[in-house]
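Could you walk me through this structure, one selection at a time? I have it open in a viewer and would like to know what to click on next.

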Amino acid sequence: MRLLVVAVGRLKNGPERDLAARYRERAAALGRGLGVTGCDLSELPESRARRAADRVAEEAEAILALVPADAALIACDERGRSDWPSERIAARIGAWRDGGRPALAFVIGGADGLHERVRSRADHILAFGAATLPHGLVRVLVLEQAYRTLTILAGHPYHRGDPDA
């Protein structure tokens, strides 16, 4: 299974970019032994359309063009489910991997959110709580959860959550 993160917007140099890079490298290294290849990051430019509806529609086109048709897709959206512990996320991703899904894409929308086309294409819509978070922090959280998922699947001691969750 190929791991892909598609994010609208580009992170500038700074602590968020450094931390995201660290989790991305860790995920890529650990994933090799678990049947997960790479941890590709695609940064899309934010749309310059005047209307928010036009911006999210343009960004949706670009996002969906990068996500393979047969990939599992987790959309990060504040209107998603925030009640899934890391163990449940890992179990779902492990099931997709074991079921032969060739790729998993985490998608992070732009400032105006995700278009309904992306949300309806998603296999799961994940929220990191009810608060609206800066996109740089969401990218760090996505990459950390990708790494955490792999540690759970590998039985690595990094994750110390409830193993029965």
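Here is a short tour that goes from the whole chain to single elements and then to one residue.

**The whole chain**

Keep in mind throughout that this is a predicted model. Start with everything shown as a cartoon: you should find five helices and five strands. Following the sequence from its start, they come in the pattern β-α-β-α-β-α-β-α-β-α. The radius of gyration is 15 Å, close to the 15 Å that the globule rule gives for 165 residues, so the chain is as compact as a globular protein of that length. Along its principal axes, the C-alpha trace covers about 50 × 35 × 30 Å. Colour by accessibility if you can: buried residues make up 46% of the 165 residues. Of the contacts with a separation of 6 or more, 83% link residues 24 or more positions apart.

**Stop one: helix α1**

Select residues 15-31, which form helix α1. Its 17 residues should span 24 Å at 1.5 Å a residue, and the end C-alpha atoms are indeed 24 Å apart. Now show the side chains of Ala-20, Tyr-23 and Ala-27, and mark Ala-28 and Gly-31 as well; these five residues are buried. Looking down the axis of α1, you will see the buried residues fall within an arc of 135°, so they line one face of the helix. Turn to the other side of α1 and you meet Pro-15, Asp-18 and Glu-25, which are exposed.

What do the buried residues of α1 pack against? Add β2 (37-44) and α5 (135-154) to the view, as these are their packing partners.

**Stop two: helix α5**

Stay with α5 for a moment. Its 20 residues should span 28 Å at 1.5 Å a residue, which agrees with the 28 Å between its end C-alpha atoms. This helix is mostly covered, with 14 of its 20 residues buried. Just after α5, click on Gly-155 to find a positive phi of about 70°.

**Stop three: strand β3 and its neighbours**

Next, select residues 72-81, strand β3. Seven of its ten residues are buried, so β3 is largely enclosed by the rest of the structure.

Bring in β4 (residues 103-108), which pairs with β3 in the parallel sense over five bridges. For a landmark on this pairing, label Leu-73 and the residue opposite, Ala-105 in β4. Then add helix α3 (residues 86-98): together β3, α3 and β4 make a right-handed β-α-β unit.

Strand β5 (residues 124-126) also runs parallel to β3, and four bridges join the two. Here the pair to label is Ile-74 and its bridge partner in β5, His-124.

**Last stop: Arg-81**

Finish by zooming in on Arg-81, which belongs to β3. Is Arg-81 buried, partly exposed or exposed? Its relative accessibility is 39%, so Arg-81 counts as partly exposed.

Show the surroundings of Arg-81 too. Leaving aside residues up to four places away in sequence, Arg-81 touches Arg-88, His-124, Ile-125, Leu-126 and Ala-127. Try a distance from Arg-81 to Ile-125: their C-alpha atoms are separated by 6.1 Å, although the two residues are 44 residues apart along the chain.

Technical notes: Residues are numbered from 1 along each chain as its sequence is written. This is a predicted model: local features need pLDDT of at least 70, side-chain atom pairs count only at pLDDT 80 or more; totals for chains, interfaces and linings use all residues. Side-chain values use heavy atoms; hydrogens and water are left out. Buried means under 20% relative accessible area, exposed over 50%, partly exposed in between (1.4 Å probe, protein chains only). Contact means heavy atoms within 4.5 Å. The expected span of a helix is 1.5 Å times one less than its number of residues. The arc is that of the directions from the helix axis to the C-beta atoms. Two strands pair if DSSP finds at least two bridges between them. A crossover is right-handed if, with the strands pointing away from the viewer, the path from the first strand over the helix to the second runs clockwise. The radius of gyration is taken over C-alpha atoms; the globule rule is 2.2 Å times the number of residues to the power 0.38.
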